[in-house]
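Trainee: I am new to this structure and would like a close look at a single part of it. Please take the salt bridges and the helix that carries them, and go through what can be said.

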Amino acid sequence: KCVFFRKIIAQNISNLTNNDIIYLRYPIFITSIPIILFSKKKRFKIIFEHNTIELDEFKLHNGKISLSYFHEFFFGYIIRNLSDAIVGVTEEITNYQLSNSKNKNKLNITIGNGIKVNSCKLRQIPDIKNETIDLLCIANLNCWHGIDRLIQGISNYKGNFKIILHLIGNGKEENNLSEL
């Protein structure tokens, strides 16, 4: 994916102007730094969207410190400072990213990742004729999706309905989820 991304950007980068923006979900890897550095010459803007506090998440991966952790530890500050703005999905994440940036006043915004549960009214369980509930999850199966928690919740369920979970996709967590 990274090579494909770099190829697309490299093919189109010369056409970008100071009115253009590249919006990237963070983290990116060191191989993408030349593209970002080139952006400083061309003056188009780079915005990073942060969905987590990377060092905490990377440290927790399967109880081992991952290559991503070292990448973030050594290069995260540099890469973060090359951005023109930061988008976080929670105030905590936005504030963390700003505190780990040279420019504490960098343009930023928090855009929630999900829904406000309190904005949804509780509803009555519908009268279901079928005693089976089918759940469908289509994803690149990674630990942060929480599918393991869903499986554990289904395992603990003591109600009257039979629950079937359909998983479509693959990824790093596929074997772990199969075992669960």
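**Salt bridges and helix H4**

Mentor: The structure, which is a predicted model, holds two salt bridges. In one of them, Glu-54 pairs with Arg-80, and the closest N and O atoms are 3.9 Å apart. This pair links distant parts of the chain, since Glu-54 belongs to helix H3 (residues 54-60) and Arg-80 to helix H4, 26 residues apart. Glu-54 and Arg-80 are both buried.

Arg-80 also forms a salt bridge with Glu-72, where the closest N and O atoms are 2.6 Å apart. Glu-72 is buried, as is Arg-80. Through shared partners, the salt bridges join Glu-54, Glu-72 and Arg-80 into one network. As a general point, side chains of opposite charge can pair when their charged atoms come close.

Now the helix itself. H4 has 16 residues, and the distance from its first C-alpha to its last is 21 Å, close to the 22 Å expected at 1.5 Å a residue. H4 also has a kink of about 60°, centred on Phe-75.

Burial in H4 takes in charged and uncharged residues. The buried residues of this helix are Tyr-69, His-71, Glu-72, Gly-76, Ile-79, Arg-80 and Leu-82. In general, an α-helix has 3.6 residues a turn, so residues three or four places apart point the same way.

One of the buried residues, Ile-79, is also part of the largest nonpolar core. That core has eight residues in all, the others being Ile-22, Leu-24, Tyr-26, Ile-28, Phe-44, Ile-46 and Phe-48. Strand S1 (21-25) and strand S2 (45-50) are the elements that give two or more residues to this core. A second core, separate from it, has six residues, among them Cys-137, Ala-139, Leu-141 and Leu-177. In soluble globular proteins, nonpolar side chains tend to be buried together.

There is also a nonpolar group at the surface. Ile-65, Leu-67, Phe-70, Phe-73 and Phe-74 make a nonpolar surface patch of about 580 Å². Of these, Phe-73 lies in helix H4, which spans residues 67-82.

To put the pieces together: Arg-80 is bonded by salt bridges to Glu-54 and to Glu-72, Ile-79 belongs to the largest nonpolar core, and Phe-73 helps to make the surface patch.

Note on methods
Residues numbered from 1 in each chain as written. Predicted model: local features only at pLDDT ≥ 70, side-chain atom pairs only at ≥ 80, totals over all residues. Heavy atoms only, no water. Patch = residues over 30% accessible without salt bridge, like charges linked within 9 Å, V, L, I, M, F, W, Y side chains within 5 Å. Areas by Shrake-Rupley, 256 points an atom, 1.4 Å probe, with all protein chains shown as cover. Salt bridge = Lys/Arg side-chain N within 4 Å of Asp/Glu carboxyl O. Helix = DSSP H or I, 4+ residues; strand = E, 2+ residues; numbered from the N terminus. Expected span 1.5 Å × (residues − 1). Bend = angle between axes of the 7 residues up to and from the residue. Buried < 20%, exposed > 50% of the residue type's maximum accessible area, 1.4 Å probe, protein only. Core = buried A, V, L, I, M, F, W, Y, C linked by side-chain atoms within 4.5 Å.
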